[in-house]
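Reader: I have a few "how do you know that" questions about this one. Can we go through them together?

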Amino acid sequence: MTIMTNINRRSFLKSSAGAATSLGLIGAGGKAFASDETIRIASLLDLSGGLDALGKPMQDAITFAVEEINAAGGLLGKQIELVTYDTQSDMRLYPQYAQQAVMKDKVAAAFGGITSASREVMRPVFRRLNTLYFYNTQYEGGVCDRNIFCTGITPAQKQSKHVPYAMNKWGKKIYTLAADYNYGQITADWTRKYCMDNGGQIVGQDFFPLDVTNFGSTIQKIQEAKPDFIYTVLVGGAHQSFYRQWAAAGMNTRIPLASTTMTIGGEQKFLAPEETNGILLCFNYFEELDTPANKAFLERFHKRFGADYPYVTELAMATYQSVYLWAEGVKKAGTAERMPVIEALESGISLDLPSGKFSIDPQTHHVIMDINIGQIQDRKINILESYPQQHSLDTSAVCDLKKNPDDNTMYVIKV
Amino acid sequence: MDLLVVLSIEALRAVASLALISVGLAIIFGMMRVINLAHGEFLMLGGYAAIVATKAGINIWVSTLILAPLVVAIIGIIIERTVIRFLYGRPRDTMLATWGLSLFLVGITTTIFGNTTEGISAPAGSLQVGNYYIAAYSLIIVLIAIAVFAAIWAVFRFTRYGLIARSTMQNPEMAAALGVNPPAVYAATFGIGAGLAGLAGGVMAPITGIVPTIGAAYVAKAFITVIGGGPAVLAGTVSASVLFGAIDQIITYLSTPVIGEVALLAAAVILLRFMPQGVTGSFFRRAS
């Protein structure tokens, strides 16, 4: 996801002061000894600031993956050492910590970045400094760079299934509400495309800056446009008030909602059940997936982080699984060095993980994965439909790293 | 027709919200001449007080309408006694101090509650108007705003405290010579202003949800309303709220919330260009 943070002096000073009084930098004190006994990896995630609801579960997931691999004997006979950087939802810290991770900590691979903006800040740094990079958030697709692996779900995997499913269920007239920056806008474009392809109609479309909390007049406009359902691409804490105001107006029982962002911060756990009941979701992973691999994972995870852990989100699972992909690459290559690991991963590594079969597509460095549609009911998600092994067709339409291994572009895909 | 009714209720709600979030500042800035940059954080604290109390099982009306203003009024009095009282008559230092205070309050609430959005559901269900549905809470906000303004007017107009407060603000030395204790009056008035901010924060919490940094979203609007309103505390706040709230809501309906906010700011700039003293400074000079 991309977020262009709107920094004014006041909020800037506030966030820096807030950070100073809260956690600050965790574990950034790089140790001086050479890493002969361990293989270091870095995690760069927002553990404080506006995006912390997304970042914290991802950090728990990467910690857990590293602990599991270490407990099973480590990699190539060495333990993995996780170096954690809290990027504090602050765009300036990403390039700084990315450089530190490489130059000071000499990590073998880096994992993290939440918004597309943060990824685009770090990607050139890791490429220049020859350090392998994993980006594990759902995003708008189109990154084409041999040094990065994107394990998140893209629109061709998601909206291509989600939008037609909702149209079959509820009808052909859609009203889109999206966050006002490129992730929201590009996702809204994809929604329009899949709506049109299936003979539907967009009867309204509104974009909201991330700090908008008042949706009163929008709720009236929606009632005027009479859509069959609403597709939301709302992002962040402020936008949650839409779901509250929608329910307060009594509309939650009248016009159904489908959302591409709901639950990525575990929102269904702290909004009231009647505010989220019936929302249709589409992700690679839900905690509720009824597979032996997922059940076993959750049992281990809850033993480590407590039975009352709020929710293992889509982004957390992608982060957890990306560590396993990387570890498999290292095993296959017999070294943690960048180029051999990239070549090993490009040989088509495929693992059975909690979210199902997770395979690297060598052409795009994206992941071929199962897609599931679910619906929220009383803070739980009922899985309604599964689409096995979907490719990131949006990215593969513009990106072929086999033919152009030197490509280094973030393609904005024309819809 | 029903659309018009629904839109009018929404516009009234926008006006009432603006008036509520500004009135505490209007008293602290308008009467005491204290530029309180921590006003948004007072609202935020009111929101947290309401949410924490409601989640602890206290009735939502008690927590938003009684506990939220009470808690913030007490915090306000403590802040007045420890920080503000040393800075009367020094507007620049006051700005710096209250800005620092605002950063401190954001930091401390982040440490306690974390930087995630907390919220409670709006009470009172929904209303049907023809083919449209609106939250009954919108109407309740309008009623609360009317009640609050009537109460403030009555207190400052008819009670002994109101008389003493107004005279102390006009001439503290003379008031002191007549046996009034100005520091106590300042503390009480600051406490009332803070309490009103807390009330507004509590009332808005079910609509917007609360994060430690939400104050930034309120403080600019509150200052624009108070300055646009001019010297008369109540009449000014009401007239500026009606003007800005209606413009914001109508433009938002016709376009998007972004353009609505832009229109509000543009209206404020134009207003202050032609009426540098604000609405009440230009029209009713003798309004109170």
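Author: What follows is a short back-and-forth on how each label is earned, and keep in mind that this is a predicted model.

Reader: What makes the size of chain B agree with a compact globule?

Author: The yardstick is 2.2 Å times the number of residues to the power 0.38. For 288 residues that rule gives a radius of gyration near 19 Å, and chain B has 19 Å, so the value agrees with a compact globule. Along the principal axes, its C-alpha atoms fill a box of roughly 65 × 45 × 35 Å.

Reader: And which helices and strands does chain B have?

Author: Chain B has twelve helices and two strands. In sequence order the pattern runs α-α-α-α-β-β-α-α-α-α-α-α-α-α.

Reader: How do you know that chain B and chain A touch, and how many residues take part?

Author: Contact means heavy atoms within 4.5 Å. By that test 41 residues of chain B and 39 residues of chain A are in the contact. The two chains bury about 3100 Å² between them, with 56% of it on carbon and sulfur atoms. On the chain B side, Thr117(B), Tyr133(B) and Tyr253(B) lose the most area to chain A, together 18% of what that side buries.

Reader: What polar links does the rule count between chain B and chain A?

Author: Seven residue pairs are in polar contact, both partners at pLDDT 80 or more. A salt bridge needs a side-chain nitrogen of Lys or Arg within 4 Å of a carboxyl oxygen of Asp or Glu, and the count between these chains is zero.

Reader: Which part of chain B gives the largest share of its side of that contact?

Author: H4(B) does, with six residues. By class, the chain B side divides into 20 nonpolar, 17 polar and four charged residues.

Reader: Now chain A: what makes you speak of two domains there?

Author: The domain assignment does: domain 1 of chain A is 9–154 + 291–370 + 389–410, and domain 2 of chain A is 159–259. Their C-alpha centres lie 30 Å apart.

Reader: How do you know that the two domains of chain A meet?

Author: Same kind of test, heavy atoms within 4.5 Å: five residues of domain 1 of chain A are in contact with four residues of domain 2 of chain A. Together the domains bury about 510 Å², 58% of it on carbon and sulfur atoms. Across that interface the rule finds one residue pair in polar contact and zero salt bridges.

Note on methods
Residues are numbered from 1 along each chain as its sequence is written. Chains are lettered from A and ligands numbered from 1 in the order in which they are written. This is a predicted model: local features need pLDDT of at least 70, side-chain atom pairs count only at pLDDT 80 or more; totals for chains, interfaces and linings use all residues. Side-chain values use heavy atoms; hydrogens and water are left out. Domain bounds come from an automatic or database domain assignment. Buried area is the accessible area (1.4 Å probe) that two parts lose on being put together, summed over both. A polar contact is a pair of N or O atoms within 3.5 Å; within protein, one must be able to donate a hydrogen and the other to accept it, and residues adjacent in sequence count only if both atoms are side-chain atoms. Helices (H or I, at least four residues) and strands (E, at least two) are DSSP runs, numbered from the N terminus. Ala, Val, Leu, Ile, Met, Phe, Trp, Tyr, Cys and Pro count as nonpolar, Asp, Glu, Lys and Arg as charged, and the others, Gly among them, as polar.
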